[in-house]
Amino acid sequence: MATKTKTKEQSKKHSFSAEVGKVLQLVIHSLYTNKDIFLRELISNASDACDKLRYEAVTTPELLSTDPELKISITYDANAKTLNITDNGIGMNEKELVQNLGTIAKSGTQGFLQNLSGDSKKDMQLIGQFGVGFYSAFMVAEKIMVISCRAGEAQGHIWQSDGQGSFTIEPLEGTATRGTSITLFMKEEATEYLDKHRLQHIIRTYSDHIGFPITVAETGGEAIVANKASALWTRPKSDITPEQYQEFYRHIAHQADEPWLIMHNKSEGTVEYTNLLFIPSTKPFDLFHPDRMTRLKLYVKRVFITDQDIDIIPRHLRFIRGVVDSEDLPLNISRETLQHNVVLAKIRQSLVNRIYSELKKKAEKEPESYLKFWEQFGAVIKEGLCDISESRDKLLEICRFRTALGGDKFVSLDEYVANMKPEQKEIFYLTGSSIDMMLQNPQLEGFIERGIDVILLGDSVDDFWVNVISDYKEKHLRSITRAGVDLSDIPTLEKPEEETQKKDSAKLLSFFKETLGNKVKDVRATTKLHHTPACLAADEHGMDLRFERFMFEQKQLPARGGKILEVNLTHPAIQRVEEQVGSDEAKDIALLIFDQACILEGEELSDPAGFTKRFNKLLTTSTKS
Ligand code: ADP
């Protein structure tokens, strides 16, 4: 690459974006204990640049013709204290230099940076997930010069910065060659990197998997290839060490954690492809950011095609990182037509099946490790339950749940069903905002009393999928907060006989209905309460009340549905109403019982002043008597 420089007048000064400024602060005050990684990051970018060019050259072969062998060359000069990394990949024009090396394009960056606490230990873990890429070079360099020329364009540009808030760009004089050349002017304390063995060692450790040759040479000296230079996924599993998988994961996922699961397979059935997929052990920082894509890298016969705008796997598996290399897709396929491609649809189906069955295997063989995974990604996986095109039973098989009787334990639905009471026909569940809140819900009383377990669903996504899935392997899923749960056929653990006695409650229930008027749609007796006189329930075929409330608040529902009051006939307060049916006191108590049920359910009281009046009246009368 030509290194002739500038005419001063043409040099333009730009400021780094606020995010870059913050990242540079972190980098320069070195959050990283391991500075070696700067080289990995620059090589990773160079390799991506070669990948991009190879893809563009499929349709525009002349881009490659003058210099067809894609490679990455590293040279160093101990006297000048410089280290240079050059690739003959896609290169960048002026606009791209400003955009790529002046801002951070990752979605969710701002939110991420706001989360940094200032506590360097914590921040280091966070920043590890984020990956600062190019900017990490400022850990070792006091100044960086990037000379780049976009493939197919004639004019090259020089980008320069000392990492202190701004950079300059100027046109390169003379002939430019395609690609990017990055020169690091090393800090005094980082001159240790200007050494052939050190560089070779770092490359073998972090960048051996890169599919292009990486050479190392002293300026003017002989260049020696330092890596294997074949794409890692094309090598047999037995030839790949755990460290090599780990490094490849870092390259592809930009994450510093260890992968929790590695799936490396070759498929040769109806579709032929290789996959090397990783499930991270910790949540990526932008997992719940709306712009987060699935972002697997798609290759066709070793040529990188894209990592954007296509769904090789569904959104609820978006935490998975890796590559898929197809033998069947045409090389010159355009990114636009990929989305509707039949072969891609088949690959997707095959991958999804593989992922589910690997997860199932792991859940059965290593349940403890699986729970760690579940705690990180369970809520995302469950998003798939809302998708009608999914094989939901397969997905439900790999879900794990807390239950009312299970303490800290998680169970699968199959385990739940296996432990059901002989008389129990349905899978019972309760949704809520936290496990602790749910455990206090009185609607659980009758279940606990009978030793019937209830699945507790505490993630926001649960409110959605329970409205679209009604069965699991022929067992009905039933919310315990909807009307019509009948436990009367199942004996309690303590007093089995008493419970089965049915009472005639018609008079009492119609008194409640009369008193409450249009506050309720119906009043019914229930067996699911024990210490509590009454609760609110949703219609048997309707939505759970808390979900209905949420939808109404979000203006997704024009009006609230009617509530059903369920009363516990064995409770003394209800019995007191029964004894005095028709009296003013009975009316007051009935209203108070209804208001209590509203409070328990988190519903607003329709007449708080009336409630206070009645409540105080009751307090004072009981003190007198
Ligand atoms: P990341 O690689 O995570 O996107 P970086 O900060 O490392 O973040 O790089 C920002 C962008 O700069 C890259 O996405 C790429 O578009 C561009 N870039 C960096 N290095 C090169 C290079 N050697 N050749 C071409 N483009 C590059």
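Two strands are said to pair if DSSP finds at least two bridges between them. With that in mind, the tour of this predicted model may begin at a pair of strands and then move to the ligand.

**The hairpin**

Select residues 259–268, which make up strand S10. Of the 10 residues in S10, 7 are buried, so the strand is largely enclosed by the rest of the structure. Next, add residues 272–280, which form strand S11. S10 and S11 run in the antiparallel sense and are joined over 9 bridges. Between the two strands lie 3 residues, and together S10 and S11 form a hairpin. To examine one of these bridges, display Ser 267 and look across to S11, where Tyr 273 is its bridge partner.

**The ligand**

Now centre the view on the ligand and show the 14 residues around it. Those that come nearest are Asn 45, Ala 49, Asp 87, Asn 100 and Phe 134. By class, the shell contains 6 nonpolar, 5 polar and 3 charged residues. Select helix H2, residues 37–59, which supplies the largest share of the shell, with 4 residues.

Three side chains deserve individual selection. In Asn 45, an N or O atom of the side chain is 2.7 Å from an oxygen atom of the ligand. In Asp 87, a side-chain N or O atom is 2.9 Å from a nitrogen atom of the ligand. In Thr 180, the corresponding distance to a ligand nitrogen atom is 3.3 Å. Finally, display the surface of the ligand: taken alone it exposes 530 Å², of which the protein buries 82%.

Definitions and conventions:
Residues numbered from 1 in each chain as written. Predicted model: local features only at pLDDT ≥ 70, side-chain atom pairs only at ≥ 80, totals over all residues. Heavy atoms only, no water. Buried < 20%, exposed > 50% of the residue type's maximum accessible area, 1.4 Å probe, protein only. Near = heavy atom within 4 Å. Polar contact = N/O pair within 3.5 Å; in protein donor to acceptor, adjacent residues only side chain to side chain. Areas by Shrake-Rupley, 256 points an atom, 1.4 Å probe, with all protein chains shown as cover. Nonpolar A, V, L, I, M, F, W, Y, C, P; charged D, E, K, R; others polar.
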